[in-house]
Amino acid sequence: MTLRARILGAAAGGGLPQWNCGCTNCRLARAGEIPSQTQSSLAVTANGTDWTILNASPDIRQQLAQTPPLHPTGLRSLPLASVILTNGDIDHVAGLLTLREVQPFALYATQGIHDVLAQNPVFDALRGEVVPRRVIELGTPFEPAPGLTATLFPVPGKVPLYMEGETVETELMGEQTVGVELVCRSTKAFYIPGCARLTDDLRARIDGADAVFFDGTLWRNDEMIREGLGQKTGARMGHMSMSGPDGSIAAFEGLDIARKIFVHMNNTNPVLRPASDEKAEAEAAGWTIGQDGMELEL
Ligand code: MLT
Ligand code: MN
Ligand code: ZN
């Protein structure tokens, strides 16, 4: 058994191109000059047969169509064992609605994330007797697929955008935003698609990993503002940026991690342009820019 991980979607919410966006990257992607990317999701397997999908993106129908190992193997048999959710954001849960055709799989999340689903009755389309909702305690290992052990742990983040109140705590630690540790035999990988800050605890946790898939939403904290696309910084969105002294590239320095892969890139992020200086800079620091369909054997 080896851990296989396949990026189903490398982009953040909205994807590349985003339907209503005319930024440089979205125009280039529409013109076919840079690769398009679908929304945030990763598929993993330990035995090569039974898969777990980490986050169900609104693009899951297209992602599954493009992923032969996840195609049906019989009339109604699918190599999908389970889905794990890392938060209640639309880009991570809306795809559950596509998975509604009385198809059994287990749905794993913290109580806090299950509560968000429970508040939205449209998700009752996934009937509990077909898709059991399994509540996972932070720090308690579980087996989402044969040979695979997963553990959820809190990372700084915020409640989903559609649940924000008057004041928003962007570095909340709890059940709302989690990372996933994945272990198969002696291989250990982490999936952390949203993270507001790399705390000392988090650094210690991921040190020595074989792979870390990490929040690559923005290159610069003020990227969306500079592009004229709104007033929000990355920090306000609950995402640390790649560059700068407070960025993830700097924060990972000194850690012993064999593969560092950015995922969940916003469509404004210059690293999505294959020939950009920013992509070269990230790669020089040992990072891989995730792409749809990219597969790792760990
Ligand atoms: C995020 O990652 O910040 C969210 O997915 C934003 C959104 O809901 O569009
Ligand atoms: Mn997102
Ligand atoms: Zn755009």
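**Metal sites and surface features of a predicted model**

Methionine 163 lies in the loop that runs between β8 (148-154) and β9 (178-184). Before I go further, please note that the structure under discussion is a predicted model. At 32% relative accessibility, methionine 163 is classed as partly exposed, because that class covers values between 20% and 50%. Together with Ile90 and Tyr162, Met163 makes up a nonpolar surface patch, and the accessible area of the three residues together is about 270 Å².

I turn now to the metals, beginning with zinc. Which protein atoms serve as donors to the zinc ion, ligand 3? They are the SG atoms of Cys21, Cys23 and Cys26 and the OD1 atom of Asn267, lying 2.3 Å from the ion. The four donor atoms subtend angles of 102 to 114°, and the site of this zinc ion is tetrahedral. For reference, the ideal angle for four tetrahedral donors is 109.5 degrees. Along the sequence, the zinc donor residues follow the spacing C-x1-C-x2-C-x240-N.

Are the cysteines at this site buried or exposed? I shall take two of them, Cys21 and Cys23. Cysteine 21 has a relative accessible area of 8% and is therefore buried, the limit being under 20%. Cysteine 23, at 5% relative accessibility, is likewise counted as buried.

While we are on cysteines, the number of disulfides in the model comes to zero. Cysteine 184 is also counted as buried, because its relative accessibility is 0%.

The next site is that of the manganese ion, ligand 2. Its protein donors are Asp91, through OD, and His264, through NE2, at 2.0 to 2.2 Å from the ion. This pair links distant parts of the chain, for the two residues are 173 residues apart. Aspartate 91 belongs to helix α3 (residues 90-93), whereas histidine 264 sits in the loop between β12 (259-263) and α8 (277-284). How accessible are these two manganese donors? Aspartate 91 is buried, with a relative accessible area of 8%. Histidine 264 is counted as buried as well, at 4% relative accessibility.

Finally, let me consider arginine 226, which is placed in helix α6 (residues 223-226). Its relative accessible area is 56%, so arginine 226 is exposed, the threshold being over 50%. Arginine 226 is separated from isoleucine 34 by 192 residues in sequence, and their C-alpha atoms are 21 Å apart in space.

To summarise the metal sites, the zinc ion has a tetrahedral site with four donor atoms, and the manganese ion has Asp91 and His264 as its protein donors.

Definitions and conventions. Residues are numbered from 1 along each chain as its sequence is written. Chains are lettered from A and ligands numbered from 1 in the order in which they are written. This is a predicted model: local features need pLDDT of at least 70, side-chain atom pairs count only at pLDDT 80 or more; totals for chains, interfaces and linings use all residues. Side-chain values use heavy atoms; hydrogens and water are left out. Patches are made of residues with over 30% relative accessible area and no salt bridge: like charges are joined within 9 Å, nonpolar side chains (Val, Leu, Ile, Met, Phe, Trp, Tyr) within 5 Å. Accessible areas come from the Shrake-Rupley method with a 1.4 Å probe; for residues, only the protein chains shown count as cover. A salt bridge is a side-chain nitrogen of Lys or Arg within 4 Å of a carboxyl oxygen of Asp or Glu. Helices (H or I, at least four residues) and strands (E, at least two) are DSSP runs, numbered from the N terminus. Buried means under 20% relative accessible area, exposed over 50%, partly exposed in between (1.4 Å probe, protein chains only). Donors are N, O and S atoms within 2.8 Å of the metal (3.2 Å for Na, K and Ca); water is not among the atoms, so sites may look incomplete. Four donors count as tetrahedral if all angles lie between 85 and 135 degrees; four count as square planar and six as octahedral if opposite donors are over 155 degrees apart and all others between 65 and 115; anything else is irregular. A disulfide is a pair of cysteine sulfur atoms within 2.5 Å.
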